[in-house]
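Please work through the following exercises with the sequence and the coordinates open side by side. Each one sets a task and then gives a solution in steps.

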Amino acid sequence: MLDSSPLLEFSHTHCVAICAFLVPANLLSTLQTIVYVGLKRPVGQIWQAVGLASLFALLMVLHVLTWFVVGVVMLPTFVLLVLGSVCLSTNLWAALHPQSMRRLLHYLGCKLKALWAFTASGATLS
């Protein structure tokens, strides 16, 4: 049977370093996936980005779960769990249904362009 105690010990000993790497890695790699979908990159490139980003997200979730195993239930563990879960689900969305993500990005781009034109015209909301 596999002894997981060295892995748990490593995760707890180097928690700050692991999180300092995984948080930006999750955010940047998921952003790269979204950008690839928005730019209509080839499916192979999207899948590579999804694979890397999903690996980082899965590592984050597993790291947080090691803290739950020993009973550490604090706000940072929940925040990191949500971050990893949102990044993982976003990447799965990009992999499984990129057309709907592309439509959402197009819609948001149109709204942002309209807002930019509204503010550039000097109009006020009040």
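The exercises below concern a predicted model, and they go from the whole chain to single residues.

**Exercise 1. Confidence and secondary structure**

Task: establish what the mean pLDDT of the protein chain is, and how many helices and strands the chain holds.

Solution. Begin with the confidence: the protein chain averages a pLDDT of 91, and 95% of the residues score at least 70. Next, resolve this by element, where helix α1 (residues 5–13) has the lowest mean pLDDT, 84, whereas α2 has the highest, 96. Then count the elements, which gives 5 helices and 0 strands, so that the order from the N terminus reads α-α-α-α-α.

**Exercise 2. Overall dimensions**

Task: compare the radius of gyration of the protein chain with that of a compact globule of 126 residues, and describe the chain's surface.

Solution. The rule for a compact globule of 126 residues gives a radius near 14 Å, but the protein chain has 19 Å. Along the principal axes, the C-alpha atoms fill a box of roughly 65 × 40 × 20 Å. For the surface, the accessible area comes to about 8,600 Å², and 75% of this belongs to carbon and sulfur atoms, while 29% of the 126 residues count as buried. Finally, among the contacts with a separation of 6 or more, 66% are accounted for by residues 24 or more positions apart.

**Exercise 3. Helix lengths**

Task: test whether the end-to-end distances of α3 and α4 agree or disagree with the expected spans.

Solution. Helix α3 (residues 43–69) has 27 residues, and at 1.5 Å a residue it should span 39 Å; because its end C-alpha atoms are 38 Å apart, the two values agree. Helix α4 (residues 75–96) has 22 residues and should span 32 Å, which agrees with the 31 Å between its end C-alpha atoms. Two backbone angles outside these helices can be added: Gly71, just after α3, takes a positive phi of about 95 degrees, and Lys40, although not a glycine, has a positive phi of about 55 degrees. Lys40 lies in the loop between α2 and α3 and counts as exposed, because its relative accessibility is 61%, with the cut-off for exposed set at over 50%.

**Exercise 4. The buried side of α4**

Task: identify which residues of α4 are buried and what covers them, and then examine two residues of α2 that touch Thr90.

Solution. The buried residues of α4 are Thr77, Leu80, Leu83, Gly84, Cys87, Thr90, Asn91, Ala94 and Ala95, and what covers them includes α2, α3 and α5. From α2 (residues 15–38), take Thr30, which is buried because its relative accessibility is 7%, the cut-off being under 20%. Not counting residues up to four places away in sequence, Thr30 touches Ala53, Cys87, Thr90 and Asn91. Ile34 is also found in helix α2, but at 24% relative accessibility it counts as partly exposed; with the same neighbours in sequence left out, Ile34 touches Thr90, Met101 and Leu105. The C-alpha atoms of Ile34 and Trp93 are separated by 9.8 Å, with their positions 59 residues apart along the chain.

**Exercise 5. Two further buried residues**

Task: decide whether Thr66 is buried or exposed, and do the equivalent for Ser100.

Solution. Thr66 is found in helix α3 and counts as buried, because its relative accessibility is 12%. Leaving aside neighbours within four places in sequence, Thr66 is in contact with Leu8, Ser11 and His12. Ser100 has its place in helix α5 (residues 98–120) and is likewise buried, with a relative accessible area of 16%. Between Ser100 and Phe21 the C-alpha distance is 30 Å, and the two are 79 residues apart in sequence.

**Exercise 6. Cysteines**

Task: determine how many disulfides the structure holds, and why Cys15 forms no bond with Cys19.

Solution. A disulfide is a covalent bond between the sulfur atoms of two cysteines. The closest cysteine sulfur to that of Cys15 is in Cys19, at 4.1 Å, which is too far for a bond, given a cut-off of within 2.5 Å. The count for the structure is 0 disulfides. As for Cys110, its relative accessibility of 39% means that it counts as partly exposed.

Conventions:
Residues numbered from 1 in each chain as written. Predicted model: local features only at pLDDT ≥ 70, side-chain atom pairs only at ≥ 80, totals over all residues. Heavy atoms only, no water. Helix = DSSP H or I, 4+ residues; strand = E, 2+ residues; numbered from the N terminus. Rg over C-alpha atoms; globule rule 2.2 N^0.38 Å. Buried < 20%, exposed > 50% of the residue type's maximum accessible area, 1.4 Å probe, protein only. Contact = heavy atoms within 4.5 Å. Areas by Shrake-Rupley, 256 points an atom, 1.4 Å probe, with all protein chains shown as cover. Expected span 1.5 Å × (residues − 1). pLDDT = per-residue confidence, 0-100.
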